[in-house]
Amino acid sequence: MDLEETLLPGVGVRYRLRTSAGEVLGIVVRREGAAELAVYDRRDPDRARSVLRLEPDEVDAVAEVLGAPRLTQRFADLSREVPGLESGRFPIGAGSRFAGRPLGDTRARTLTGCSIVAIVRDAEVVPSPGPADTLLAGDVLVAIGSVRGLEQLEARLAESA
Amino acid sequence: MDHVAQLLLELGLLFAGLSLVGLLARRLGLSSVPFVLVAALALGEGGVVPLATSEPFIEAAAEIGVVLLLLALGLEFSADELFASLRHHGPSGVVDLLLNALPGFAAGLLLDLPWQGALALAGVTWISSSGIVARLLGDLGRLANRETPAVLSVLVLEDLAMALFLPLLVVALSGGGPATALAGTGLAVGAVALALLAAQRQGHRLGRLLASADDEQLLLRLVGLTLLVAGLAQSLGASAAVGAFLVGLALPTSFAERARTVLGPLRDLFAATFFVAFGLSTDPGAVLPVLPAVLLLALVTTGTKVATGWFAARRDGVGRPGRLRAGTALVARGEFSIVIAGLAVTAGVPQLGPLATGYVLVLAVAGPVLTRLADPRGARGTAVTPA
């Protein structure tokens, strides 16, 4: 993947991404938070066409849609590169005794050796959550650890209240 | 009618008129600067609405307008952006200076201006309007284009060069010889370097000093500090505008964003008053006789700006159509040409007033039109267009 970042003085930053299909995607992120998406003209590859303008709140919405699965994907990639290290996604069921309790109460690190690296809540992601972050029913925990540790964690999170 | 009533009515009519003029400019997709100038020319002596009572206020507000324009300019770019532009496009900046300032200087000498006046005219033809150009690129949907970083870099470098050029000009206009002018420039280089260094090392302290959750507090502190520094710079024989620019430059990026938002409306109001004051001080009858010279100069410096943009875009490996877009985008001259001419007129080169007025009128309109023509497919609109 080829992502090029260019400073646009007084405006913001422009990214150009060449996709594996050979298309070039242009993204201009303005300082004020708005963004523009563009693809480039085939006859004149310097020229952007079909410019799509996003207001800051729309940028946030798009980022969340694209960002949440990507984050967990990245952890999966990460664990693939380290032998013996696995990652897993564990939903907190409505009946789990940890629903509504702080993350620290799971004592996941102490008991299973696993690290909780993110909490996925609907489209939102809490990266590197702390022990005080409250877990809610429906949350999905992203954790990395050994195969055995992850099994223990899964069993522990499923314990009913 | 009593004095206060007269003053308020005049100013009310003036600002209402400016809003109509601005609306018209926006409809036509052009900058409001040339329209404001024309309106002010028409208002001058013997005009439709004589501005006799409000003239002292307009003159004072115009001074503040210049200061706020330059403060906003300093806030516009961060030190990092300046250094990055200098690294990538230093040569483009030099080409820009040589190609565009020299014709202005030569024209000034040919038109029998004193050399200080010719120097001011060099500045007028040199500096593109970053306000007009940046807005134009956004409106035409060209921000993602590959030639755009080159265009913006040229603008940044011009703005930085202004901080060095203005003190030089002010010293020259005040009758100093080449030695004093050189010393003045040396001082300016030092001050700019110091401001940039301060921004990088100590900027956060200045930011903390000014920062407040309250917009009113922020505005009062920012304007207070800027006017103090500007006044100090003016009393030291440098230009108030340069002082304001340095304040803007020294403020940290994190603070600049909020400062721009808070300052924006105030800047717009006072800057408009500045353009009105400049138009008022120019005799419309004096513009017509210099029109042939103005048109010729505009034609030549349109060509040289296109060449500048062409050169800068080629350095980034952009193809021919993009180079043409970059060149034509830079043609527009505007607010800073008027700032430079304003300094010269105040310092006793009144001939420059009609010249600069005519020149900016022509290029602030012709520039945007020309760059739309250079990209016929993009001119139709910026919404999502099927390929």
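## Exercises on a predicted two-chain model

In chain A, strand β9 (residues 140–145) is joined to β7(A) by five bridges, and the two strands run antiparallel. Helices (H or I, at least four residues) and strands (E, at least two) are DSSP runs, numbered from the N terminus. Two strands pair if DSSP finds at least two bridges between them.

The model is predicted, so local features require pLDDT of at least 70 and side-chain atom pairs pLDDT 80 or more, whereas totals for chains, interfaces and linings take in all residues. Residues count from 1 along each chain as its sequence is written, while chains are lettered from A and ligands numbered from 1 in the order in which they are written.

**Exercise 1.** Place β7(A) in its sheet and find the edge strands.

*Solution.*
1. Begin with the β9(A) side: A:Ile116 stands opposite A:Ala143, a residue of β9(A).
2. Turn to the other neighbour: β7 (residues 115–121) and β8 (residues 124–127) of chain A pair in the antiparallel sense over four bridges. A:Val120 has A:Val125 of β8(A) as its bridge partner.
3. Inspect the hairpin of β7(A) and β8(A): two residues lie between the strands, and A:Asp122 takes a positive phi near 50°.
4. Write the order: this open sheet of four strands in chain A reads β6-β9-β7-β8, with antiparallel pairing. The edges are β6 (86–91) and β8 of chain A, each of which pairs on one side only.
5. Add the twist, which averages 20° from one strand to the next. (Axes are lines fitted to C-alpha atoms, for helices over the stretch in contact; angles run from 0 to 180 degrees between N-to-C directions.)
6. Look for a helix against the sheet: α3 (residues 147–158) of chain A lies across β6 and β9 of chain A and runs at about 5° to β6(A).

**Exercise 2.** In what order do the five strands of the open sheet of chain A stand?

*Solution.*
1. The order is β1-β2-β3-β4-β5, and the pairing is antiparallel.
2. At the edges are β1 and β5 of chain A, which each pair on one side only.
3. Follow one pair: β4(A) and β5(A) run antiparallel and are joined by five bridges. Within this pair, A:Leu37 has A:Leu52 of β5(A) as its bridge partner.
4. On average, neighbouring strands of this sheet are turned by 20° against each other, with direction ignored.

**Exercise 3.** Describe the side of chain A that touches chain B.

*Solution.*
1. Count the residues in contact: 20 of chain A against 27 of chain B. (Contact: C-beta atoms, placed from the backbone, within 7 Å.)
2. Assign the chain A residues to elements: β1 (2–8), β3 (24–30), β4 (35–40) and β5 (48–54) of chain A each supply at least two.
3. Find the largest share: five residues come from β5(A). This strand is also an edge of its sheet.
4. Sort by class: the chain A side has nine nonpolar, four polar and seven charged residues. (Nonpolar: Ala, Val, Leu, Ile, Met, Phe, Trp, Tyr, Cys and Pro; charged: Asp, Glu, Lys and Arg; polar: the others, Gly among them.)
5. Note the scores of the complex: the predictor gives an ipTM of 0.75 and a pTM of 0.76.

**Exercise 4.** Characterise the packing of α6(B) and of α5(B) against α7(B).

*Solution.*
1. For α6 (residues 130–139) and α7 (residues 148–173) of chain B, the angle is about 165° and the axes are 11 Å apart. α6(B) is therefore roughly antiparallel to α7(B). (Under 35 degrees is roughly parallel, over 145 roughly antiparallel, 65 to 115 roughly perpendicular, the rest oblique.)
2. The contact uses B:Ser130, B:Val133, B:Ala134 and B:Leu137 of α6(B), with B:Thr148, B:Val151, B:Leu155 and B:Asp159 of α7(B). Its classes are five nonpolar, two polar and one charged.
3. For α5 (residues 115–126) of chain B and α7(B), the axes come within 9 Å and cross at roughly 160°. These two helices are therefore also roughly antiparallel.
4. Here α5(B) contributes B:Gln116, B:Leu119, B:Ala120 and B:Gly123, and α7(B) contributes B:Phe165, B:Leu169, B:Ala172 and B:Leu173. By class this contact has six nonpolar, two polar and no charged residues.

**Exercise 5.** Where in chain B is confidence lowest, and where highest?

*Solution.*
1. Take the chain average: pLDDT (the predictor's confidence in each residue, from 0 to 100) averages 84 in chain B, and 93% of the residues score at least 70.
2. Compare elements: helix α9 (residues 203–210) of chain B is lowest at a mean of 71, and helix α14 (residues 291–315) of chain B is highest at 93.
3. Check residues 379–387 of chain B: pLDDT there is below 50, and the stretch has 12 contacts in the model beyond near neighbours in sequence.

Notes. Two residues are in contact if their C-beta atoms, placed from the backbone, lie within 7 Å.
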